[in-house]
Amino acid sequence: MDTNLTNCFSCGAMVPNMDGPTHRYMLSSPGCWSVYGVLLARDYGEYNYPTVYRLSVDAYTVQHPGRPNRQAIQSVAVHLIALYYLLEKGLPEAQVIRTRSRAAQFSDQFFWLEPPTSMGPITIVNAADAEGLEEYQRVAREWAKSAWEAWRAHHDQIRKWAAL
Ligand SMILES: [Zn+2]
């Protein structure tokens, strides 16, 4: 095993073992946040901001729920609701964008969901390793499905929130 790698404490991905900044409430190991930064740069650069970018934001967010506070609760809920619409209801991304801002209006009704112990087999590292947009689109979709499945114990609650 490469000693320069470590598991992200939140999503479990094998990421660089390093110091560095992390997101304020979407908590991760610094190496995981660093890999995410590289992927975001490709999203905006090489990939020219593809629709699938939003799916990877949803997946990454729900795999890094952080600690119980208002921002984290709202963030996780909104992104889980988006995954519900995309993956269970099959809504096109263009419509799901609206559900994200709509769900934020009900944020006072959201509460902390105890995160799953395993965040699923697919992580940021798989998406970051994709070679080219076509593969990235496929991997991001698998990533999102994997992250959504990881939260299975809370699917009923998320469906209720989606119906608000
Ligand atoms: Zn992580």
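Here are some friendly notes on a helix pair, two cavities and a pocket in this predicted model.

1. **How helices 3 and 4 pack.** A good place to start is the pair formed by helix 3 (residues 70-88) and helix 4 (residues 93-104), whose axes lie 9 Å apart at an angle of about 150°. Angles over 145 degrees count as roughly antiparallel, and helix 3 and helix 4 are therefore roughly antiparallel to each other. The crossing of helix 3 past helix 4 is right-handed.

2. **Who makes that contact.** On the helix 3 side you will find Gln74, Val78, His79, Ile81, Ala82, Tyr85 and Leu86, and they meet Glu93, Val96, Thr99, Arg100, Ala103 and Ala104 of helix 4. By class, this contact has eight nonpolar, three polar and two charged residues.

3. **The largest cavity.** If you are looking for enclosed space, the structure has two cavities of 30 Å³ or more. The largest cavity holds about 60 Å³. Its lining consists of Ile81, Tyr85, Thr99, Arg102, Ala103, Phe106, Phe110, Trp161, Ala162 and Leu164. Helix 3, helix 4 and helix 7 (155-162) are the elements that give two or more residues to this lining, and helix 4 provides the largest share, with three. Eight of the lining residues are nonpolar, one is polar and one is charged.

4. **A link between points 2 and 3.** It may help to view the helix contact and the largest cavity together. Ile81 and Tyr85 of helix 3, along with Thr99 and Ala103 of helix 4, take part in the contact, and these four residues are also among those lining the largest cavity.

5. **The second largest cavity.** This one has about 30 Å³ of space. Around it sit Ile73, Val76, Ala77, Phe111, Trp112, Leu113 and Trp161. Here helix 3 gives the largest share of the lining, three residues. The lining has seven nonpolar residues, with no polar and no charged ones. Do look at Trp161 when you have the model open: this residue is part of the lining of the largest cavity and also lines the second largest cavity.

6. **The largest pocket.** Turning to open space, the largest pocket has a volume of about 150 Å³. Phe9, Ser10, Leu27, Pro65, Gly66, Arg67, Glu114, Pro115, Pro116, Thr117 and Met119 form its lining. Sorted by class, that lining comprises six nonpolar, three polar and two charged residues. Arg67 and Glu114 are among the residues to pick out there.

How values were computed
Residues are numbered from 1 along each chain as its sequence is written. This is a predicted model: local features need pLDDT of at least 70, side-chain atom pairs count only at pLDDT 80 or more; totals for chains, interfaces and linings use all residues. Side-chain values use heavy atoms; hydrogens and water are left out. Axes are lines fitted to C-alpha atoms, for helices over the stretch in contact, and angles run from 0 to 180 degrees between N-to-C directions. Helices (H or I, at least four residues) and strands (E, at least two) are DSSP runs, numbered from the N terminus. Angles under 35 degrees count as roughly parallel, over 145 as roughly antiparallel, 65 to 115 as roughly perpendicular and the rest as oblique. A crossing is left-handed if the near helix is turned anticlockwise from the far one by less than a right angle, and right-handed if clockwise. Contact means heavy atoms within 4.5 Å. Ala, Val, Leu, Ile, Met, Phe, Trp, Tyr, Cys and Pro count as nonpolar, Asp, Glu, Lys and Arg as charged, and the others, Gly among them, as polar. On a 1 Å grid over the protein atoms alone, a cavity is a set of points where a 1.4 Å probe fits but cannot get out, and a pocket is an open set with protein on both sides within 12 Å along at least five of seven lines; lining residues have an atom within 4 Å of a point. Grid points are joined across faces, edges and corners, and a volume is the space filled by probe spheres set on the points.
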